[in-house]
Amino acid sequence: MTTVIRTTALNKIYEGAFRGQDVHALKDLDLDIRQGEIFGYLGPNGSGKTTTIKMLLGLLFPTSGKIEILGSESIDSATVKRNIGYLPEGAYYPDFLRGEEILAYYGKLYGLRGKELKKRVDETIELVGMQHARKRLLRGYSKGMRQRIGLAQALISDPKILILDEPTTGLDPIARKEIRDLLLQLREQGITLLISSHELLEVEMISDRVAILFEGVLQKIGSMAELLTQRELSMTVDHLSESSVSDLTDKGIQVEDRTGNRAVLRLPFHMSSYDGVEMCKAHSLNLLSISPRRETLEELFVRIVSTASKAREVVQ
Ligand SMILES: Nc1ncnc2c1ncn2[C@@H]1O[C@H](COP(=O)(O)OP(=O)(O)OP(=O)(O)O)[C@@H](O)[C@H]1O
Ligand SMILES: [Mg+2]
């Protein structure tokens with residue numbers, strides 16, 4: 001599969017940024033983002049996501065290392081303009097303008113004029129499903145509608161790569177789903193999407209691959225199938241007594257969703273289904289169902305970040 005963005009040993013040091021001390025915001029980052037995928041770029045606050053994005057957009061210069069975009073190493077503004085669409089976090093557009101006016105304005109910034117401009121405005125409005133509201137003032141738009149116009153703005157130059165910073169923050173569940181569907185639709189059209197987000201459930205639902213960053217160091221990169229492999233068993237049981245509950249909890253088993261004598265038991269990773277069945281026998285539990293559960297992206301994230309921060313404490 002073709003790589004559209006590649007960073008090699010990329011470093012960014014903000015010199016004298018923190019009380020005169022340097023901040024090493026990105027450390028030897030090796031990243032590859034592939035043609036046509038949705039790539040989730042994750043990490044806690046201050047881990048270096050925006051720094052990376054700014055360097056990809058040519059807004060910041062790397063201290064060292066290499067960036068290639070579509071095989072080209074020169075990240076000048078023409079390369080970026082031609083190939084990358086960008087929706088910054090919490091993008092603000094003047095609300096006395098109509099949706100279509102915003103798009104025409106950005107289109108002009110990209111050098112589009114006349115028929116070509118009109119065609120592109122029509123296409124992007126259609127793409128984000130805003131035909132019905134194109135002539136309305138932004139003032140009257142909901143957050144979801146604003147975000148759609150933001151996406152249309154990022155798409156106006158017909159980019160091959162779209163970089164989105166927190167595209168679903170502050171949206172209600174319906175608007176989130178709409179934006180999610182829209183992003184999947186863009187992927188269908190062959191656009192590569194790089195999404196930086198703290199909304200891990202959203203990211204898990206749509207991403208093909210993710211990277212997790214902590215304090216400027218890449219901790220993990222891979223597909224959901226590769227990263228979320230750990231499975232634990234969950235068992236629904238009946239005839240659960242108070243004494244069994246305390247005994248099971250002592251063994252590291254989580255007791256959830258209790259209603260009367262019925263509950264869901266979540267077994268720790270090291271326990272097999274055989275162990276689970278034996279445990280039911282030992283406690284005279286009636287086993288109703290047993291199923292494996294994949295680790296969620298959120299759980300993986302918390303596990304990786306807490307391991308990395310513990311390791312750092314040991315070093316310090
Ligand atoms: N312009 C700057 N000057 C100095 N230090 C900066 C600058 N921008 C970012 N930093 C520092 O670089 C590190 C990475 O910041 P960055 O904004 O890239 O993180 P982030 O992952 O985008 O965080 P968030 O999730 O909060 O948006 C932080 O320690 C931050 O304080
Ligand atoms: Mg950021």
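Modeller: A residue is termed exposed when its relative accessible area is over 50%, and partly exposed when the value lies between 20% and that cut-off. The structure to which this applies here is a predicted model.

Biologist: Why is Asp257 called exposed?

Modeller: The relative accessible area of Asp257 is 61%. The cut-off for exposed is over 50%, and therefore Asp257 is classed as exposed.

Biologist: What makes the backbone of Asp257 worth a remark, and where is Asp257 placed?

Modeller: Asp257 is not a glycine, yet its phi is positive, at about 50°. Asp257 belongs to strand β11, which spans residues 254–259.

Biologist: Why is Leu70 called partly exposed?

Modeller: Leu70 has a relative accessible area of 33%. Buried would require under 20% and exposed over 50%; the value for Leu70 meets neither condition, so Leu70 is partly exposed. Leu70 also has a positive phi of about 50° without being a glycine, and its place is in the loop between β4 (64–69) and α2 (77–83).

Biologist: How do you know that Lys49 makes a polar contact with ligand 1?

Modeller: A polar side-chain atom of Lys49 is 2.7 Å from an oxygen atom of ligand 1. A polar contact requires a pair of N or O atoms within 3.5 Å, so the Lys49 pair qualifies.

Biologist: What distances place His198 and Tyr14 under that term?

Modeller: For His198, an N or O atom of the side chain is 2.9 Å from an oxygen atom of ligand 1. For Tyr14, a polar side-chain atom lies 3.3 Å from a nitrogen atom of ligand 1. Both pairs are therefore within the limit of 3.5 Å. Of the 640 Å² of accessible area that ligand 1 has on its own, the protein covers 62%.

Biologist: Which elements give two or more residues to the shell around ligand 1?

Modeller: These elements are β1 (3–18), β2 (21–34) and α1 (49–56). The largest share, 3 residues, comes from α1.

Biologist: What makes a residue part of the surroundings of ligand 1, and which are the closest?

Modeller: A heavy atom of the residue must lie within 4 Å of the ligand. There are 13 such residues, and the closest are Gly46, Lys49, Thr50, Thr51 and His198. The shell divides into 5 nonpolar, 7 polar and 1 charged.

Biologist: How far apart are the centres of domain 1 and domain 2?

Modeller: The domain assignment gives domain 1 as 3–227 and domain 2 as 231–294. Their centres, taken over C-alpha atoms, are separated by 44 Å.

Notes. Residues are numbered from 1 along each chain as its sequence is written. Chains are lettered from A and ligands numbered from 1 in the order in which they are written. This is a predicted model: local features need pLDDT of at least 70, side-chain atom pairs count only at pLDDT 80 or more; totals for chains, interfaces and linings use all residues. Side-chain values use heavy atoms; hydrogens and water are left out. A polar contact is a pair of N or O atoms within 3.5 Å; within protein, one must be able to donate a hydrogen and the other to accept it, and residues adjacent in sequence count only if both atoms are side-chain atoms. Accessible areas come from the Shrake-Rupley method with a 1.4 Å probe; for residues, only the protein chains shown count as cover. Helices (H or I, at least four residues) and strands (E, at least two) are DSSP runs, numbered from the N terminus. Ala, Val, Leu, Ile, Met, Phe, Trp, Tyr, Cys and Pro count as nonpolar, Asp, Glu, Lys and Arg as charged, and the others, Gly among them, as polar. Domain bounds come from an automatic or database domain assignment. Buried means under 20% relative accessible area, exposed over 50%, partly exposed in between (1.4 Å probe, protein chains only).
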